[in-house]
Amino acid sequence: MAQPSKTPVVFAPWEDETQKPIIQFKNVTKRFGNFTAIDNLSLDIFEREFFALLGPSGCGKTTIMRMLAGFETATEGTILLGGKDISPVPPNKRPVNMMFQSYALFPHLSVWDNIAFGLRRSSMPKDEIGARVDEMLRLTRMEKFAKRKPHQISGGQRQRVALARSLAKAPKLLLLDEPLGALDKKLRHDTQFELMDIQEKTGTTFVIVTHDQEEAMTVASRVAVMDHGKLIQVATPAAIYETPNSVYVADFIGEVNLIEGNAKKAGGDKYEVSWAEGQAALRGSCPREIADGTRVTYAIRPEKVAISADKPKDAANAIQGTVHDIAYLGNISTYHVMLPTGQVIKAQESNTRRLANRHFTWEDKVWLSFTDTAGVILTE
Amino acid sequence: MNYRRLFLIGIPYVWLLALFLVPFIIVLKISLSDIALSIPPYTPTLDLAEGWAGIKDFFSKLDFDNFLFLKSDPLYWKAYVSSLQIAILSTTMTLLVGYPIAYGMARAPEEWRATLMMLVILPFWTSFLIRVYSWMGILGKEGFFNSALIWLGFIDEPLTILNTNTAVYIGIVYTYLPFMILPIYAALEKLDISLLEAAEDLGCTRTSAFWLVTLPLSRPGIVAGCFLVFIPVIGEFVIPSLLGGSNTLMIGKVLFEEFSSNRDWPVASAVAVLLLLIVVVPIVLFQRSQERQAEAQK
Ligand SMILES: Nc1ncnc2c1ncn2[C@@H]1O[C@H](COP(=O)(O)OP(=O)(O)OP(=O)(O)O)[C@@H](O)[C@H]1O
Ligand SMILES: [Mg+2]
């Protein structure tokens with residue numbers, strides 16, 4: 001792709017002091033009765049972002065969306081949209097469209113009329129509405145089902161109609177509550193790219209809820225990991241994956257080996273974590289200062305753990321164990337290696353050879369090794 | 001087919017046969033008979049003692065004279081038309097009163113709904129006749145309504161409401177309101193609030209969301225309610241007799257007078273048979289719409 005400037009511009013408005021966020025949550029708390037769904041949450045989302053909300057069921061993702069769309073008001077704090085407090089603005093006056101987690105398709109209207117519903121409420125001329133609806137149908141591959149009622153199509157098709165309906169008005173801010181959960185992998189990937197494409201073309205800001213971390217990784221400019229109404233970490237997908245700020249985030253995103261131990265300074269940002277008697281301490285890094293003797297968790301992703309028959313000479317960390325289990329996943333295999341301490345560490349290898357030529361098998365003695373920058377030391 | 005199933009299917013059929021078909025055949029038979037000064041007041045009667053000849057004789061004496069008579073006297077078809085008019089108008093009025101009530105109930109806090117439902121059904125616990133009689137007490141010249149208006153100074157002379165069609169409409173709307181409210185309430189209560197949110201999200205005001213989403217989705221309830229009111233109101237006789245005046249023409253009232261004052265059972269039966277035929281049309285339509293509804297919800 002041709003770029004106007006020679007060095008590709010990195011999209012990171014959150015690092016730019018001069019950028020004004022389009023959405024600002026300022027110490028927002030939302031209570032239902034005496035249950036706190038959102039707990040003193042502050043968050044900035046910038047224009048053209050593809051912002052993903054990730055978190056376990058019931059952590060408050062939908063509640064955040066509903067506050068943005070105007071169906072819930074914050075109990076405390078303010079929400080600004082384009083610098084203005086949106087609390088007095090009714091939902092139909094907000095430049096926001098939402099795709100509901102339950103789809104909320106109108107059962108008495110056909111697929112076509114469902115998608116046209118929002119456009120008909122605007123001042124768009126009739127023939128343009130038709131063209132726009134057809135475009136949305138093509139985008140979501142629902143052309144063949146335009147005349148059907150929602151109860152005459154499948155769950156995944158309903159989800160696509162809901163997506164098409166929210167996209168149709170091309171709003172400034174789009175809220176998608178699990179937009180692709182019911183789609184098969186291929187269609188999901190295609191739709192993800194369509195969404196990214198739309199975003200590129202129209203400059204719409206997306207806030208998307210997803211349970212699929214791979215999806216968050218693919219589409220998001222930033223990811224917010226939530227728990228119990230609080231933001232645990234907000235960062236780019238790579239930062240969330242490579243440098244999680246807590247055990248919770250590390251464990252929530254992707255697979256991870258967690259080893260508890262006591263930290264000891266080893267110069268610079270390097271630390272040694274002694275984790276079991278008779279085992280060499282694990283070397284790793286942490287950007288924050290940790291006092292000697294602090295209880296920490298050493299987190300290392302399975303794909304960063306190498307597996308070999310002989311002890312590697314120059315590895316910063318090497319542990320011996322026996323192969324306990326092998327999970328064959330087609331492109332990769334995960335080896336579950338039991339350490340003398342009884343702990344099981346996962347190591348991932350890509351399957352460059354056929355199954356029959358595999359190096360290791362059950363009960364083999366193997367060495368696990370990783371560099372001192374591969375793992376992170378977490379204090380929370 | 002096993003006996004258990006046969007038994008289960010059989011019960012409703014026996015029920016229908018005993019309580020609907022047999023009485024209908026009796027009424028149909030009387031409508032084809034002639035008036036007579038005897039007990040029962042019509043002829044012929046079937047005398048099985050005379051055997052085959054008796055049966056032949058019996059059938060030869062049946063004819064359509066009563067129906068021809070109904071055609072010749074304008075009173076009857078005027079009564080039919082007037083009944084239809086009153087039924088249509090009062091069904092509309094019941095809908096206009098019932099819909100907001102049902103809407104209010106469906107939007108009330110959940111813990112109140114059972115109570116509100118009770119309040120709607122409560123009048124059924126007292127006799128229908130007593131309730132209609134109390135309307136006579138309310139609407140009469142010296143009734144509560146007139147006294148209240150005079151006391152408040154709105155009028156000097158009492159209004160004539162009782163024994164007019166107005167009183168009939170009031171009575172019908174009052175009596176049949178629960179039949180309108182309950183199906184509409186059932187439809188509105190099922191309505192998913194997130195649909196209204198979606199409508200608002202897509203640019204509807206509260207009002208337009210009502211017209212575009214709530215109303216169309218409560219249509220099955222409206223249709224059911226209208227039929228449940230319309231069908232019995234066509235044949236209604238207690239309300240027009242007690243609250244209506246001499247010029248209130250309803251087929252149920254005519255039927256009753258034919259039957260008790262004139263003791264003309266055959267003509268009364270002919271009226272009843274025709275009434276049934278007229279009511280069958282909306283009943284069939286109602287069935288159809290219910291079936292279509294069930295189909296759509298599958
Ligand atoms: N109207 C309400 N009244 C009471 N509690 C509510 C209400 N709406 C949401 N909650 C509670 O607030 C919490 C957050 O709900 P929310 O719908 O935002 O979760 P979520 O993160 O979207 O979950 P999921 O991933 O399952 O969709 C939940 O514990 C839920 O029970
Ligand atoms: Mg949710």
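**Entry 1: a pair to start with**

Which residue forms a salt bridge with E255(A), and how far apart are the closest N and O atoms? I looked it up in this predicted model, and the partner is K346(A), with the closest N and O atoms 2.7 Å apart. I then checked where the two sit, and the pair links distant parts of the chain. E255(A) lies in the loop between helix 8 (247-252) and strand 11 (257-265) of chain A, while K346(A) is in strand 18 (residues 344-350) of chain A. In sequence they are 91 residues apart.

I also wanted their exposure. E255(A) is partly exposed, with a relative accessible area of 35%. K346(A) is partly exposed too, at 22%. I noted for myself that side chains of opposite charge can pair when their charged atoms come close.

**Entry 2: chain A as a whole**

Next I stepped back to see the chain that holds this pair. I found eight helices and 20 strands in chain A. Its C-alpha trace spans about 75 × 50 × 50 Å along the principal axes. Chain A has 380 residues, and 48% of them count as buried.

I looked at how contacts are spread along the sequence as well. Taking contacts in chain A between residues at least 6 apart in sequence, I see that 66% join residues at least 24 apart. Over all chains, the structure holds 22 salt bridges.

**Entry 3: two domains**

How is chain A divided into domains? The domain assignment gives domain 1 (13-247) and domain 2 (255-378). I noted that the centres of these two domains of chain A, taken over C-alpha atoms, are separated by 38 Å.

I then went to the place where they touch. Eight residues of domain 1 of chain A are in contact with eight residues of domain 2 of chain A. The area buried between the two domains is about 650 Å², and carbon and sulfur atoms give 54% of that. Across this interface I find three residue pairs in polar contact, both residues being at pLDDT 80 or more. On the domain 1 side, the largest share comes from helix 7 (residues 237-242) of chain A, with three residues. By class, that side has four nonpolar, three polar and one charged residues.

**Entry 4: the salt bridge between the domains**

How many salt bridges cross the interface of domain 1 and domain 2 of chain A? The rule finds one. I looked for a pair to put to it, and K304(A) forms a salt bridge with E242(A), with the closest N and O atoms 3.0 Å apart.

K304(A) has another partner on my list. Its side chain also meets that of E303(A) in a salt bridge, at 3.9 Å from N to O. I checked exposure here as well: K304(A) is partly exposed, with a relative accessible area of 26%, and E303(A) counts as partly exposed at 36%.

**Entry 5: where chain A meets chain B**

I turned to the other chain. Here 21 residues of chain A are in contact with 17 residues of chain B. The area buried between the chains is about 1700 Å², of which carbon and sulfur atoms give 62%. I count seven residue pairs in polar contact between them, with both residues at pLDDT 80 or more.

Which elements of chain A supply at least two residues each to the side that touches chain B? They are helix 1 (61-69), strand 6 (96-99) and helix 2 (111-120). Strand 6 of chain A gives the largest share, three residues. By class, this side of chain A has eleven nonpolar, six polar and four charged residues.

**Entry 6: R66(A)**

The count between chain A and chain B is one salt bridge. R66(A) forms a salt bridge with E197(B), and the closest N and O atoms are 2.7 Å apart. I placed R66(A) in helix 1 of chain A.

Is R66(A) buried or exposed? Its relative accessible area is 16%, so R66(A) is buried. Leaving out residues up to four places away in sequence, R66(A) touches F71(A), E72(A), M98(A) and E197(B). I also see a network of salt bridges that links K30(A), R66(A), E72(A) and E197(B).

**Entry 7: one more pair**

Last, I looked up R120(A). Its side chain and that of D113(A) meet in a salt bridge, 3.3 Å from N to O. R120(A) is partly exposed, with a relative accessible area of 40%. D113(A) counts as partly exposed at 23% relative accessibility.

Note on methods:
Residues are numbered from 1 along each chain as its sequence is written. Chains are lettered from A and ligands numbered from 1 in the order in which they are written. This is a predicted model: local features need pLDDT of at least 70, side-chain atom pairs count only at pLDDT 80 or more; totals for chains, interfaces and linings use all residues. Side-chain values use heavy atoms; hydrogens and water are left out. Domain bounds come from an automatic or database domain assignment. Contact means heavy atoms within 4.5 Å. Buried area is the accessible area (1.4 Å probe) that two parts lose on being put together, summed over both. A salt bridge is a side-chain nitrogen of Lys or Arg within 4 Å of a carboxyl oxygen of Asp or Glu. A polar contact is a pair of N or O atoms within 3.5 Å; within protein, one must be able to donate a hydrogen and the other to accept it, and residues adjacent in sequence count only if both atoms are side-chain atoms. Helices (H or I, at least four residues) and strands (E, at least two) are DSSP runs, numbered from the N terminus. Ala, Val, Leu, Ile, Met, Phe, Trp, Tyr, Cys and Pro count as nonpolar, Asp, Glu, Lys and Arg as charged, and the others, Gly among them, as polar. Buried means under 20% relative accessible area, exposed over 50%, partly exposed in between (1.4 Å probe, protein chains only).
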